[in-house]
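The following exercises treat the architecture, the core and the side-chain pairs of one protein. Each task is followed by a worked solution.

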Amino acid sequence: MCRNRGNVTGASVVAVARRCARLGALDVGGCRVDDSLLRALSETSQFLKSLNVSFTVVTSKGFEALCSSDSACFTTLEELHVTNCGELCDTAVRHIAKLPRLTIFIFHNCRLLTEQSRAHLDDILDRQQRRSRNIPRGIRRRPVQMSWTVY
């Protein structure tokens, strides 16, 4: 939506999120957005499947709202990109790991993340492996893609 365009404000993106209830994908990487966007998405975006908030100042508090079981997109969000989000800590990954349909999760250069985040990622992989064992033969399994750097 606004990669490398710092003039797009968080308020304008929040307005779009609130008015586009059928929003399926949102790429706000590089925009000046914060946790208010994640809270707005958690309230209104029941069709959201893909979200890119790379190079933003979102925090664990925002992901707590986005990834709670009563969030509008809790059961739909499948893909999440959070590269270069310097305010994210292990708590954010713990919240993200709760998303039941998450199959693509990419985060690099989130300097506050530690080895504890890897343990939360193991939860995602374990859940995907359990789910794939229950899929009948001949049905296509959902791939899992994760890419990260933990400092």
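Helices (H or I, at least four residues) and strands (E, at least two) are taken as DSSP runs, numbered from the N terminus. The model under study is predicted.

**Exercise 1. Describe the secondary structure of the protein and the order of its elements.**

Step 1. By the definition above, the protein has 5 helices and 5 strands.

Step 2. Read from the N terminus, the elements follow the order α-β-α-β-α-β-α-β-α-β.

Step 3. Of the contacts between residues at least 6 apart in sequence, 73% join residues at least 24 apart.

Step 4. For the surface, the protein exposes about 7,900 Å², and 50% of this area is supplied by carbon and sulfur atoms. Of its 151 residues, 43% count as buried.

**Exercise 2. Determine which residues of helix α2 are buried and which elements are included in their cover.**

Step 1. The criterion for a buried residue is a relative accessible area under 20%. In helix α2, which spans residues 35–44, D35, L37, L38, A40, L41 and S42 are buried.

Step 2. The cover over these buried residues includes α1 (10–19), β1 (25–27), β2 (50–52) and α3 (60–66).

Step 3. L41 serves as an example. Leaving aside residues up to four places away in sequence, L41 touches A17, L23, L26, L48, L51, L66, A72 and C73.

**Exercise 3. Identify the residues that touch the most other members of the largest nonpolar core, and the element with the largest share of that core.**

Step 1. In soluble globular proteins, nonpolar side chains tend to be buried together.

Step 2. The largest nonpolar core here has 37 residues, of which L41, L51, F63 and F105 touch the most other members.

Step 3. Two or more residues of this core come from each of α1, α2, α3, α4 (90–96) and β4 (104–107).

Step 4. Helix α2 provides the largest share, with 4 residues.

**Exercise 4. Locate the aromatic pair and classify its geometry.**

Step 1. A pair of aromatic rings is described by the distance of the centres and the angle of the planes.

Step 2. Over the whole structure, 1 aromatic pair is found. The ring centres of F105 and F107 lie 4.6 Å apart and the planes meet at 35°, so the pair is classed as tilted.

Step 3. The reasoning rests on the cut-offs: planes under 30 degrees apart would be stacked and those over 60 edge-to-face, with the rest tilted.

Step 4. Both F105 and F107 are buried.

Step 5. A ring also takes part in a contact of another kind: the charged end of R22 sits over the ring of F47, at 4.5 Å from its centre.

**Exercise 5. Analyse the salt bridges by position in the chain and by exposure.**

Step 1. Side chains of opposite charge can pair when their charged atoms come close. The structure contains 3 salt bridges.

Step 2. One joins R18 and E43, whose closest N and O atoms are 2.7 Å apart. R18 belongs to helix α1 and E43 to helix α2, so this pair links distant parts of the chain, 25 residues apart. R18 is partly exposed, at 41% relative accessible area.

Step 3. Another joins E64 and K61, at 3.8 Å from N to O. Because E64 and K61 are 3 residues apart in helix α3, about one helical turn separates them. E64 is partly exposed at 37%, whereas K61 is exposed at 60%.

Step 4. A further bridge joins E78 and R101, with the closest N and O atoms 2.8 Å apart. E78 is in the loop between α3 and β3 (79–81) and R101 in the loop between α4 and β4, so the bridge ties together parts 23 residues apart in sequence. E78 is buried, with a relative accessible area of 14%, while R101 is partly exposed at 32%.

**Exercise 6. Examine the positive phi angles of N84 and N109 and state where these residues lie.**

Step 1. N84 is not a glycine, yet its phi is positive, at about 60°. N84 lies in the loop between β3 and α4 and is partly exposed, with a relative accessible area of 24%.

Step 2. N109 is likewise not a glycine and has a positive phi of about 60°. N109 lies in the loop between β4 and α5, and its relative accessibility of 31% makes N109 partly exposed.

Key: Residues numbered from 1 in each chain as written. Predicted model: local features only at pLDDT ≥ 70, side-chain atom pairs only at ≥ 80, totals over all residues. Heavy atoms only, no water. Phe/Tyr/Trp six-rings, centres within 6.5 Å; stacked < 30°, edge-to-face > 60°. Buried < 20%, exposed > 50% of the residue type's maximum accessible area, 1.4 Å probe, protein only. Lys NZ or Arg CZ within 6 Å of the ring centre and 35° of its normal. Contact = heavy atoms within 4.5 Å. Core = buried A, V, L, I, M, F, W, Y, C linked by side-chain atoms within 4.5 Å. Salt bridge = Lys/Arg side-chain N within 4 Å of Asp/Glu carboxyl O. Areas by Shrake-Rupley, 256 points an atom, 1.4 Å probe, with all protein chains shown as cover.
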